[in-house]
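I opened this model to look through its helices, its core and its empty spaces. My notes follow in the order I looked things up.

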Amino acid sequence: MSKIEGTELEWTGRLFGGISDDIRRKVPHYLSDFKDGFHSKVAGTTLFLYFAALANAIAFGALTGLLTGNQIGIIEMLAVTAVGGILFALLAGQPLTILGGTGPIVIFTGMLYTVCGQLEISFLATYAWVGIWSGIILLICAFTDASALMSYFSRFTDEIFAALISVIFIVEAVSDTVNAFGPEGFGLSSAFLTMVLALGTFTLSRSLRDFTKSRFLSTSVRSFLSDFGPAIAIVGMTAFALLFPEVQLSTPTVPESLTTTSGRPWLVDIFEVPTWVIFASIAPAILATILLFLDQNITTRLVNSPDNKLTKGGGYHLDLAIVGIIVLLGSLFALPWIVAATVHSLNHVKSLAETKSVETDGVSKEVIYKVRENRLSGLLIHILIAISIFLLDYFGYIPMAVLFGLFLYMGFASLGGNQFFDRLMLWITDPKLYPSTPYTERVPRKWIHRFTIIQLVCFIALWALKSSPIGILFPLMIAGLVLIQMALPRFIPEEYVEVLSAEDFEEEDEIHVFD
């Protein structure tokens, strides 16, 4: 299977060539990126993703603290999310991407802490050196167009990765809600209210998001409720929870002061470790680089998918360089490493999207025809997170159940439109009622199902690897999907693989779109 051609992911053969091309591509749109942000849809998206990004930072910050003996924790995660997010929103080639902490990086950090304890060396200094080397390697990758390797990825790999991350959000949200009924909860009343708040937030967010299809109220009111749906759900369900002050609910654990989690100085003494540690840190830095490189570029590919109808172009090499700088500088302060957060980024795009109802064989489906591409939403999201660092006490009023519902909504929202999931549904669909799509029209049913089964096996393998003691290696398995993708013509005729893996299709004449 050949690589996917595209000007953004082609080797230039010049040092700094990819970054230079990214900058030339984005400069003409820079002012419009801010002007296009003055819209109610951007305001609603900002509030929605602000709560989502804040909850993500608190959750992964708390987990990092648990795995590192609180040497790195919530306050450090909030700080790097705010500063790094602002920098990325201002300078990135694809500002629709949202940076944040991710599971693999947090697990990697915990493993590094364990190794440092076994070797009796300073964790913070070692962590700083690993981050410094990783940042340098990421910059080298950006300067030499290494992101062009992503041209060998296709819809086959993208769909598996996107589905995995979406399902993780859904499963974790459901699991956390169900745990309220166990010994970790505060009794039956608390568990019942937790379930009501989580399902209420999810249902209200989803219902308001689809309110533009309603016949009630005026068009402007329907658009307002749709744009601000998740934010309204968060505020509304939090207010509902306050009606029951006698019921104890789980709330976010936030730091009591603006000092570091452990009380250490912000700047790390990177020379308190032996010289051999400085150079030995290159080995774990290579693994960290692989994690960051794949997370960043695969998520950016998903954001830039032709399905999203973006028009301003991306900037893979420029974005990777900015992530490298954030990792390098942040490591001097032992701040968590942040990278493109898949579910948050996809929800950012979908929340900014204009959709139309496409009817095919009597079946209606929402498709994106335009996205309000801008820098303002990403910038404001992270400015609000920076302000929140000084107002942490107030977030103790937001029940975790509301955040569980928000994560559940984000998981299902990012899963929508994933053709892998759509093809799984064909297994329980009457063949006579299959939707009219390029692959159902051009590929025999036998090969569609075989392609989907191979994806499902890869998905299950990734899930098992993620949940195993060597879960840190699961991004390497994602890279290995390219090898499986190249071997697909041995199991499925190549002309059918090309159709099933195609990045985009021209609209069919028989499809009718309703405004």
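What should the 28 residues of helix 3 span at 1.5 Å a residue, and how far apart are its end C-alpha atoms? I found an expected span of 40 Å and end C-alpha atoms 41 Å apart, which agrees. The expected span is 1.5 Å times one less than the number of residues. I take helices as DSSP runs of H or I, at least four residues, numbered from the N terminus.

Ground rules first. I am working with a predicted model, where local features need pLDDT of at least 70, side-chain atom pairs count only at pLDDT 80 or more, and totals for chains, interfaces and linings use all residues. Residues are numbered from 1 along each chain as its sequence is written, and side-chain values use heavy atoms, with hydrogens and water left out.

**Helices 3 and 4**

I checked burial next. I call a residue buried under 20% relative accessible area, exposed over 50%, and partly exposed in between (1.4 Å probe, protein chains only). In helix 3, 20 of the 28 residues are buried, so this helix is largely enclosed by the rest of the structure. Just after helix 3, Gly69 takes a positive phi of about 60°.

Helix 4 covers residues 74-91. Its 18 residues reach 26 Å from first C-alpha to last, close to the 26 Å expected. Of these, 13 are buried, so helix 4 is also largely enclosed by the rest of the structure.

**Second largest pocket**

I used a 1 Å grid over the protein atoms alone. A pocket is an open set of points with protein on both sides within 12 Å along at least five of seven lines. A cavity is a set where a 1.4 Å probe fits but cannot get out. Lining residues have an atom within 4 Å of a point. Points are joined across faces, edges and corners, and a volume is the space filled by probe spheres set on them.

The second largest pocket holds about 1,400 Å³ of space. I noted 45 lining residues, with Ala59, Phe60, Leu63, Glu172 and Asp176 the closest to its centre. Helix 3 gives the largest share of this lining, eight residues. Other helices that supply at least two residues include helix 7 (155-178) and helix 8 (188-209).

I sorted the lining by class. Ala, Val, Leu, Ile, Met, Phe, Trp, Tyr, Cys and Pro count as nonpolar, Asp, Glu, Lys and Arg as charged, and the others, Gly among them, as polar. The pocket lining has 26 nonpolar, 14 polar and five charged residues.

**Cavities**

How many cavities of 30 Å³ or more does the structure hold? I found four.

The largest cavity contains about 60 Å³ of space. Its lining includes Thr64, Ile105, Tyr127 and Trp337. Helix 5 gives the most to this lining, three residues. I counted seven nonpolar, four polar and no charged residues there.

The second largest cavity contains about 50 Å³. Phe51, Leu54, Ala55 and Ile58 are among its lining residues. Helix 3 supplies the largest share here, four residues. This lining has eight nonpolar residues, no polar and no charged ones.

**Core**

A nonpolar core is a set of buried Ala, Val, Leu, Ile, Met, Phe, Trp, Tyr and Cys residues joined through side-chain atoms within 4.5 Å. The largest one has 135 residues, and Trp337 is one of those touching the most other members. I looked up the contacts of Trp337 (heavy atoms within 4.5 Å). Beyond its neighbours within four places in sequence, they include Ile105, Phe108, Tyr127 and Leu292. Apart from the largest core lies another, of nine residues, among them Leu96 and Leu310.

**Single residues**

Is Phe279 buried or exposed? I have it as exposed, at 51% relative accessible area. Phe279 sits in helix 11. Its C-alpha is 9.2 Å from that of Val130, 149 residues away in sequence.

Phe224, in helix 9, is partly exposed at 42%. I put its C-alpha 7.7 Å from that of Lys41, 183 residues apart along the chain.

Two residues other than glycine caught my eye for a positive phi. Glu120 has phi near 55°, and is exposed at 74%. Asp145 has phi near 65°, but is buried at 1%. Glu120 lies in the loop between helix 5 and helix 6, and Asp145 in the loop between helix 6 and helix 7.
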